[in-house]
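Okay, thanks everyone. I'll put the sequence and the structure up, and then we'll walk through a few spots together.

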Amino acid sequence: MKMNYKDTTLLLLRLAIVSIFLYHGIPKLLNIEQTSQFFSSLGLPGIAAPVVGIIEVGGALLLLLGLWYKWATYLLVVVIAGAIIMVQIKGGIKAGLERDLLILISTLVLAAHGPGHFSLHRKRK
């Protein structure tokens with residue numbers, strides 16, 4: 001197996017994005033009632049809370065393994081774009097807008113370039 005910088009950096013980027021989405025997704029699933037109240041305060045239906053939590057955790061795990069990475073990254077992009085629109089834009093830099101923009105762009109990079117060699121994804125010839 002030949003290692004190269006692209007595969008190594010894609011792995012590092014995947015691990016960073018996975019850890020961020022797990023860090024934010026697991027508490028959503030463990031505290032559904034509280035998260036539903038927060039979502040409701042934003043004008044979203046409470047049911048969105050577990051859906052977003054499942055997408056964050058499930059998408060992160062798929063991305064970690066490199067399985068169905070395009071679907072996983074697209075769903076994660078929708079979630080982070082929603083966070084930017086519903087929460088971060090109002091608060092600006094103080095609310096973490098730059099962090100979420102970086103997460104959005106990084107997730108788009110993974111969607112465009114794939115998970116790299118260190119994954120369970122195998123391209124069909």
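So, to start: which residue forms a salt bridge with glutamate 56? It's lysine 28, and the closest N and O atoms of the two are 3.1 Å apart. Before I go further, a reminder that this is a predicted model.

Where do those two sit? Glutamate 56 is in helix H3, residues 48-65, while lysine 28 is in helix H1, residues 5-30. They're 28 residues apart, so the pair links distant parts of the chain. Now the accessibility. Glutamate 56 comes out at 5% relative accessibility, so that one counts as buried. Lysine 28 is at 16%, and because the cut-off for buried is under 20%, lysine 28 counts as buried too.

How many salt bridges does the structure hold? Two. The other one pairs arginine 99 with aspartate 100, again with the closest N and O atoms 3.1 Å apart. Here the partners are split: arginine 99 is partly exposed, with a relative accessible area of 40%, whereas aspartate 100 is buried, at 4%.

Okay, on to the nonpolar side. The largest nonpolar core has 20 residues, and the ones touching the most other members are Ile17, Phe21 and Leu63. Which elements give two or more residues to this core? Those are H1, H3, helix H4, which is 69-91, and helix H5, which is 97-113. H4 gives the largest share, six residues.

Let me stay on leucine 63 for a second. If you leave aside its neighbours within four places in sequence, leucine 63 is in contact with Arg14, Ile17 and Val18, then Tyr69, Ala72, Thr73 and Leu76, and finally Leu110. Several of those turn up again among the buried residues of H4, including Tyr69, Ala72, Thr73 and Leu76.

And that brings me to H4 itself. This helix has 23 residues and spans 31 Å from its first C-alpha to its last, close to the expected 33 Å. Where does H4 bend? At isoleucine 85, by about 40°. Further buried positions in H4 include Val77, Val79, Ile80, Ile84 and Gln88. As for what covers the buried residues of H4, that includes H1, H3 and H5.

So if you take two pictures away, I'd pick the buried glutamate 56 with its salt bridge to lysine 28, and H4 as the helix giving the largest share of the core. Happy to rotate the view if anyone wants another look.

Key:
Residues are numbered from 1 along each chain as its sequence is written. This is a predicted model: local features need pLDDT of at least 70, side-chain atom pairs count only at pLDDT 80 or more; totals for chains, interfaces and linings use all residues. Side-chain values use heavy atoms; hydrogens and water are left out. A salt bridge is a side-chain nitrogen of Lys or Arg within 4 Å of a carboxyl oxygen of Asp or Glu. Helices (H or I, at least four residues) and strands (E, at least two) are DSSP runs, numbered from the N terminus. Buried means under 20% relative accessible area, exposed over 50%, partly exposed in between (1.4 Å probe, protein chains only). A nonpolar core is a set of buried Ala, Val, Leu, Ile, Met, Phe, Trp, Tyr and Cys residues joined through side-chain atoms within 4.5 Å. Contact means heavy atoms within 4.5 Å. The expected span of a helix is 1.5 Å times one less than its number of residues. The bend at a residue is the angle between axes fitted to the seven residues ending there and the seven starting there.
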